Amino acid sequence: MMTLPSWRDWLFSAKTFFAAILALYIGMALGLPRPYWAMSTVYIVSHPLIGATRSKGLYRVIGTLIGGAAAVLFVPRFVNEPILLSLVISLWTGTLLCLSMRDRTPRNYLFMLSAYTLPMIALPAVSQPEAVFDIALSRSEEIVLGIVCASVVAAIVFPSKVAPVLEARIGAWFKDAGNWAAEALSPAFARSHPATRHRLAADILSLDQYISHLAYDAANADMVHTTRELQSRMSMLLPILSSLTATLDAARKLEQGVPAPLTGLMEAIARWIIASQGSKGRDEAARFQRQLADARRSGPDAEWNDLLIAHAVARLQSLIRLWQDCLDLRDMIARGEADTAWKPAYRRWELGGKARHYDHGMILFAAASASLAIFLACLLWIGMGWNDGASAVILGAVASCFFAAQDEPAPLIRTFFTWAAVSIPLTAVLLFLIIPAAHEFETLALMLAIPFLAIGTLASHPRFTMAAMLLTVNTASFLGLQGAYDADFTAFFNSSVAGVCGVLFALCWTLLTRPFGAELAMRRLLRASWKDLAETAAGSHRGDYAHLTSHMLDRLGLLVPRLAASDDDHGDAGFGELRVGFSTLDLQRDEHRLPETAHVAIDRVLQSVAGHYRECVDHHGQRQPPASLREEIDRALSLTKAELGRAAREAQNALVELRITLFPDAARFVALTGAVVAAPTAGETP
Amino acid sequence: MIGEVDLYGVFIPSLLVLMLIALAVTGCLRFVLLRLGVYKLVWHRSLFNFALYVIVLGGTVALTRGLHP
């Protein structure tokens with residue numbers, strides 16, 4: 001389905017084209033050797049959002065300077081040993097590619113650009129090593145020129161800011177999250193599609209990109225902190241909502257069910273969440289908190305049903321606090337001013353840790369694969385002695401670097417190949433039929449306007465962004481517009497065919513070395529999370545809560561889009577691990593405030609949880625948790641529910657959470673009698 | 001205006017040096033204007049900044065004209 005481009009798309013396309021022609025004109029007027037590089041740079045960095053254009057531009061400048069400096073350093077030293085030079089180039093590219101994948105913010109572009117700028121500058125220079133400085137200098141100049149043109153035009157001519165787009169995305173997210181919350185609270189609200197849950201986590205992760213761009217958006221740079229705060233709270237909502245859903249489901253399965261007053265209260269809360277009125281709803285939130293506190297029944301004689309309800313109530317209270325915080329932050333962002341005196345209502349966990357999950361094995365493998373591809377392409381080029389082979393290696397290197405971070409790079413490289421191939425006939429028509437008729441710069445600009453304006457409108461559609469960029473960039477580079485018209489069919493054909501062959505080589509190589517899809521990355525992610533859980537439960541990360549929570553939440557964000565994309569149903573995978581993780585942290589945090597017997601029992605539970613996940617790691621797959629773990633949980637639960645006070649309540653909730661997460665189908669919990677409780681723990685301290 | 005600055009053997013066009021100076025001056029001016037709250041009255045922040053830069057650059061060039069005979 002394809003809609004006609006809107007006026008916004010046309011405006012963006014016209015702006016970009018204007019910037020590109022401006023760059024081309026200045027480049028020609030200054031007598032730069034390859035003004036078309038400035039033109040293609042404009043098309044590479046241009047993004048409908050001004051902040052994104054600027055940040056990408058800055059990273060591109062720095063990356064190019066680093067790559068250019070490396071070329072000036074390496075080429076004169078190794079030019080007489082082509083194989084050694086190829087080795088140096090491929091090692092450089094691989095190393096920087098590693099760094100680039102190690103950074104998940106838009107800053108990774110800096111390293112990626114340094115990675116493939118070296119082959120771009122070094123390879124054309126091998127036949128004339130004394131010119132490498134000039135080539136590096138002119139490439140840097142052309143790229144800086146292109147970026148300056150792109151950012152000045154983007155900033156001055158009808159700028160479109162990141163903030164409104166970000167607000168729209170946050171608004172959509174609120175609606176999805178609100179629907180899930182409402183559905184969890186009361187079956188009266190229509191069931192949202194399970195896929196929205198997966199989308200919620202992925203959307204939070206994608207906010208990262210927007211926030212990084214926000215820092216480059218002159219008018220909104222001061223909102224970065226507030227937006228980060230909002231993002232961390234949004235991600236905390238996920239485990240709470242997931243746990244609330246599971247707890248209420250478990251409670252509804254029991255014959256007592258959920259007590260009627262609580263059902264009514266939850267319906268009111270669901271309505272409050274859907275209305276999302278911000279500060280106006282504050283009084284209502286306070287009233288809900290009081291009513292919830294009254295709805296809880298606990299004490300030594302509490303039954304399984306009461307424990308579930310107490311747990312659900314605690315989660316509801318957290319949910320209301322978090323939701324209130326999110327609304328406050330959203331309003332602050334919408335008003336455009338940060339309130340420094342603002343205090344969050346939710347303070348259970350310190351949020352906003354910056355820890356991110358990296359799969360270093362996969363990163364190393366992907367970088368090594370790309371690096372080896374470049375080395376082999378260089379060897380092939382040297383062996384064949386094809387004069388224009390350099391552009392094959394260059395485009396091959398670009399293709400393999402660009403998509404190295406993907407789980408499944410092959411389909412994307414195939415798209416790259418298709419559009420690079422499509423741009424050859426387009427360029428040929430332009431270069432040999434149309435441009436010869438142009439004698440002035442103005443007519444040239446007019447002639448280029450037709451195809452470039454049309455393709456540029458596609459760039460704002462997410463589906464076509466890459467196709468449009470590839471088409472415009474490749475066409476601009478293959479056109480190779482220079483000061484004087486000197487189109488030579490052989491040279492054009494040679495270099496463009498070589499470029500496409502290079503991409504084809506990268507495609508074949510990727511299909512050979514990285515045939516496994518998202519499945520592998522997903523399994524590795526799950527395994528990493530089990531390993532983390534085993535270590536956390538065993539107590540080796542004790543105390544570093546902000547780091548651990550952000551690590552777990554980040555991994556969920558990575559896992560969830562992959563789960564959604566895979567065919568087989570993994571149900572609650574990812575969310576379950578997250579809930580177990582938070583319960584573990586809860587227990588570790590509060591156990592030392594409990595009496596000795598309860599403390600010991602909880603320690604045994606944690607050891608069993610650690611053992612269970614170690615088992616999962618060793619067997620490379622999800623295992624059924626052992627029945628002995630359930631007995632440990634029951635024992636600890638019997639001991640803690642007899643206690644009073646906040647710490648006991650938190651520990652009790654965490655144990656309930658563990659029980660319903662790990663044993664969703666187990667029989668109801670029955671409190672153990674005093675003798676049974678005391679017996680196994682007597683005389684031993686783990 | 002076409003003169004070049006000799007920086008340890010590397011010849012840099014003097015316009016580039018002036019542009020960098022103007023950039024630094026504009027940066028300071030923007031900071032001061034932000035503190036004074038002038039930006040609240042500005043409609044198009046980027047356009048304002050750009051115009052400010054061009055004015056400062058023009059001023060710098062005019063001031064240093066005497067140095068390059």
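**Annotated spans of chain B and helix 13 of chain A**

In the UniProt record, an unreviewed entry, the feature "transmembrane region" is placed at residues 12–34 and 46–67 of chain B. The structure examined here is a predicted model. In this model, residues 12–34 of chain B are 91% helix and 9% strand, and the C-alpha atoms at the two ends of this span are separated by 33 Å.

In chain A, a nonpolar patch on the surface is formed by Ile83(A), Leu372(A), Leu376(A), Leu379(A) and Ile382(A). Together these residues present about 380 Å² of accessible area. Helix 13 of chain A, which covers residues 360–384, contributes the largest share of the patch, namely four residues. One member of the patch, Leu372(A), is located in this helix. Leu372(A) is classed as partly exposed because its relative accessibility is 44%, a value between the limits of 20% for buried and 50% for exposed residues.

Helix 13 of chain A also contains Ile363(A). The relative accessible area of Ile363(A) is 10%, and the residue is therefore buried, the cut-off for this class being under 20%. Apart from neighbours within four places in sequence, the residues in contact with Ile363(A) are Cys98(A), Met101(A), Arg102(A) and Tyr358(A). A further pairing links distant parts of the sequence: Ile363(A) and Leu99(A) are 264 residues apart along the chain, while their C-alpha atoms lie 9.1 Å apart in space. Helix 13 of chain A thus carries both the partly exposed Leu372(A) and the buried Ile363(A).

Terms used: Residues are numbered from 1 along each chain as its sequence is written. Chains are lettered from A and ligands numbered from 1 in the order in which they are written. This is a predicted model: local features need pLDDT of at least 70, side-chain atom pairs count only at pLDDT 80 or more; totals for chains, interfaces and linings use all residues. Side-chain values use heavy atoms; hydrogens and water are left out. Patches are made of residues with over 30% relative accessible area and no salt bridge: like charges are joined within 9 Å, nonpolar side chains (Val, Leu, Ile, Met, Phe, Trp, Tyr) within 5 Å. Accessible areas come from the Shrake-Rupley method with a 1.4 Å probe; for residues, only the protein chains shown count as cover. A salt bridge is a side-chain nitrogen of Lys or Arg within 4 Å of a carboxyl oxygen of Asp or Glu. Buried means under 20% relative accessible area, exposed over 50%, partly exposed in between (1.4 Å probe, protein chains only). Contact means heavy atoms within 4.5 Å. UniProt positions are given in the numbering used here, feature names are shortened, and annotations may be inferred rather than shown by experiment.
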